[in-house]
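Visitor: Please take me in for a close look at one part of this structure, the turns and the strands beside them. Keep it brisk, and connect each step to the next.

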Amino acid sequence: MINNDRMLIQGGRPLIGEITVSGGKNTSVAVIPATLLCEEPCTIENLPDIEDVRELIGILETLGVKVEYVPGQYLRVDPKGADGYRVPYSLTHRMRASYYLLGGLLGRGCRAEVAYPGGCEIGSRPIDQHIKGFTALGAEIEDRGGYIYAKANRLIGADVFFDMVTVGGTINVMLAAVKAEGSTVIYNAAKEPHIVDLANFLNSMGAQVKGAGTGVIRIRGKQRLHGTSYTVIPDQIETGTLMIAAAATRGDVTVRGCIPTHMESLTAKLLEMGVRVGEDGDSIRVSPLGEQRAVNIKTQAYPGFPTDLQQPITALLCGANGNSMVTETIFEQRFKHLDELRRMGARIKLMERTVLIEGVRELYGAPVVVTDLRAGAALVVAGLMAKGITEIHGTSYIDRGYEHIEDKLRALGADIHREPI
Ligand code: EPU
């Protein structure tokens with residue numbers, strides 16, 4: 001859905017108070033297609049009320065799954081008898097995670113026809129490793145006319161060695177392999193928290209997935225999985241965005257309902273900058289200490305610094321004292337926020353994949369355009385820091401991944417609202 005609105009932020013107010021983080025986007029978009037792997041009802045709680053979740057639920061319905069969705073409460077799906085296996089472009093072009101329908105449908109009925117996924121334009125984003133994994137499991141894959149056709153008589157467990165760490169590839173192979181005959185071993189697997197959450201979800205359906213969270217995942221396939229009730233983990237990237245927004249406004253914010261161990265790479269960088277970060281059970285408190293220092297950051301697969309926080313932390317570093325370097329190693333074009341930050345007074349240069357940032361005393365509000373989800377988060381952070389009014393266009397990108405972001409920020413004292421264009 002394209003929003004006909006703009007977000008207006010009057011910056012310069014410190015964020016103060018407590019806020020509860022929503023359920024994880026990137027875990028939800030894996031768990032929803034995973035419900036296709038059984039013939040019994042599944043109930044999922046803590047899904048974030050975001051566009052990506054609503055679109056995936058819509059896709060399940062077109063495949064014949066019965067759906068009862070109460071946003072903010074639960075999703076109940078009954079995949080019994082669902083016999084669809086084709087997902088057209090009209091349903092995939094806005095969302096990257098639609099590629100998980102390939103793994104889910106292959107695991108379900110050994111057949112999938114899924115249009116190439118869309119999603120944020122942050123680099124070339126090939127899916128050759130997913131296809132290599134499916135092929136190893138015995139599927140025949142044809143890539144024709146913008147669709148991927150995947151078919152197998154039966155799936156048979158195999159060793160899959162990824163050429164690079166891929167979150168999507170790891171998830172997709174897990175989805176197919178839990179229903180394959182025999183054992184699958186995924187080497188060089190991604191270790192992100194949502195990989196572990198998906199494994200826990202699959203195991204709650206009776207699957208046997210071991211080693212998730214390490215570089216080697218071992219799966220013993222099962223002919224049949226059963227229904228389950230499951231609560232997805234909190235969103236690591238929303239937690240990080242709120243922590244960064246707190247630091248950016250020199251505020252004092254406690255993020256509740258998060259998992260502090262998932263945040264260690266960000267916490268370490270904030271501490272290095274001179275921001276106070278305290279942990280207590282499932283809460284993290286970010287509060288000011290003094291001057292914020294420039295730092296250098298390189299994005300890495302988990303547990304390294306997440307690429308999804310590269311854009312928001314770049315905004316924060318625009319106001320730090322000194323020169324920072326932020327190197328993006330995962331997505332080669334995740335820099336479309338830089339031109340917009342420059343309009344707001346940021347002093348930044350891009351050298352290949354490294355952003356050179358010279359901290360400035362203040363940013364100022366300007367009209368800016370969002371080009372991808374985390375660029376949107378970066379511009380919201382910049383808007384909160386800036387003097388004057390920032391006018392953000394392209395808010396639909398933000399709504400794909402952040403649940404009610406302006407309500408949450410307003411609850412912390414931000415002056416932020418939307419109005420129609
Ligand atoms: N890659 C390949 N071939 C493949 C798969 C990946 O060359 O078959 C490359 C990619 O081009 C990239 C790198 O490997 O350079 C890593 O890509 P990965 O597969 O890990 O990313 P993804 O599955 O496309 C997911 C998240 C992203 C997040 C990345 C990295 C979902 C739906 N998407 O993408 O989330 O940035 O992992 O953690 O889970 C976001 O939330 O804003 C977002 C973009």
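Guide: Start with a cut-off. A residue counts as buried when its relative accessible area is under 20%, and as exposed when that area is over 50%. Keep in mind that this is a predicted model.

Now use the cut-off on Cys110. Its relative accessible area is 16%, so Cys110 is buried. Cys110 sits in the loop between α4 (100–109) and β7 (111–115). Its phi is near 60°, a positive value in a residue other than glycine.

Compare that with Glu352. Phi is positive here too, near 55°, and Glu352 is not a glycine either. Its relative accessibility is 76%, so Glu352 counts as exposed. That gives two loop residues with positive phi: Cys110 is buried, whereas Glu352 is exposed.

Where is Glu352? Look in the loop between β20 and β21. These two strands form a hairpin, with two residues between them, and Glu352 is in the turn. Follow the strands away from that turn. β20 covers residues 347–351 and runs antiparallel to β21, with five bridges joining the two. Take one bridge as a landmark: Ile348 has Ile357 of β21 as its partner.

β21 also pairs with β19. β19 covers residues 323–327, β21 covers residues 354–358, and five antiparallel bridges hold the pair in register. A landmark here is Thr327, whose bridge partner in β21 is Thr354. Put the steps together. β21 is bridged to β20 and also to β19.

Next, set a second hairpin beside this one. It is made by β12 and β13, with five residues between them. Gly211 is in its turn, and the phi of Gly211 is positive, about 90°. In the hairpin of β20 and β21, the positive phi in the turn belongs to Glu352. β12 covers residues 208–210 and runs antiparallel to β13, with three bridges between them. One of the partners is easy to find: Lys210 is bridged to Arg218 in β13.

β13 has another partner, β11. β11 covers residues 183–187, and five bridges join it to β13 in an antiparallel run. Find Tyr187, which stands opposite Val216 in β13.

Now look at β13 from its two sides. In a regular strand the side chains alternate between the two faces of the sheet. β13 covers residues 216–220. Its covered face holds Ile217 and Ile219. Its uncovered face holds Val216, Arg218 and Arg220. Two of these residues have already come up. Val216 is opposite Tyr187, and Arg218 is the partner of Lys210.

Move on to a helix. α5 covers residues 128–136, and its buried residues are Gln129, His130, Ile131, Gly133 and Phe134. What do they pack against? They pack against α4, β8 (140–144), β10 (159–161) and α6 (167–177). α4 is a familiar name: Cys110 lies in the loop between α4 and β7. After α5 comes Gly138, with a positive phi near 105°.

One more strand shows a buried residue and its neighbours. Ser283 lies in β17, residues 283–287. Its relative accessible area is 5%, so Ser283 is buried. Leaving aside residues up to four places away in sequence, Ser283 touches Thr254, Val255, Arg256, Cys258, Pro260 and Gly278.

There is also an unusual angle to find in a loop. The peptide bond between Tyr302 and Pro303 is cis, with omega about 10°. Pro303 lies between β18 (296–298) and α10 (310–317).

Finally, step back. The protein has 14 helices and 24 strands. Its radius of gyration is 21 Å, close to the 22 Å that the globule rule gives for 421 residues, so the protein is as compact as a globular protein of that length. The C-alpha trace spans about 65 × 45 × 40 Å along its principal axes. Of the 421 residues, 58% count as buried, and Cys110 and Ser283 are two examples. Among contacts between residues at least 6 apart in sequence, 72% join residues at least 24 apart.

Terms used
Residues are numbered from 1 along each chain as its sequence is written. This is a predicted model: local features need pLDDT of at least 70, side-chain atom pairs count only at pLDDT 80 or more; totals for chains, interfaces and linings use all residues. Side-chain values use heavy atoms; hydrogens and water are left out. Helices (H or I, at least four residues) and strands (E, at least two) are DSSP runs, numbered from the N terminus. The radius of gyration is taken over C-alpha atoms; the globule rule is 2.2 Å times the number of residues to the power 0.38. Buried means under 20% relative accessible area, exposed over 50%, partly exposed in between (1.4 Å probe, protein chains only). Contact means heavy atoms within 4.5 Å. Two strands pair if DSSP finds at least two bridges between them.
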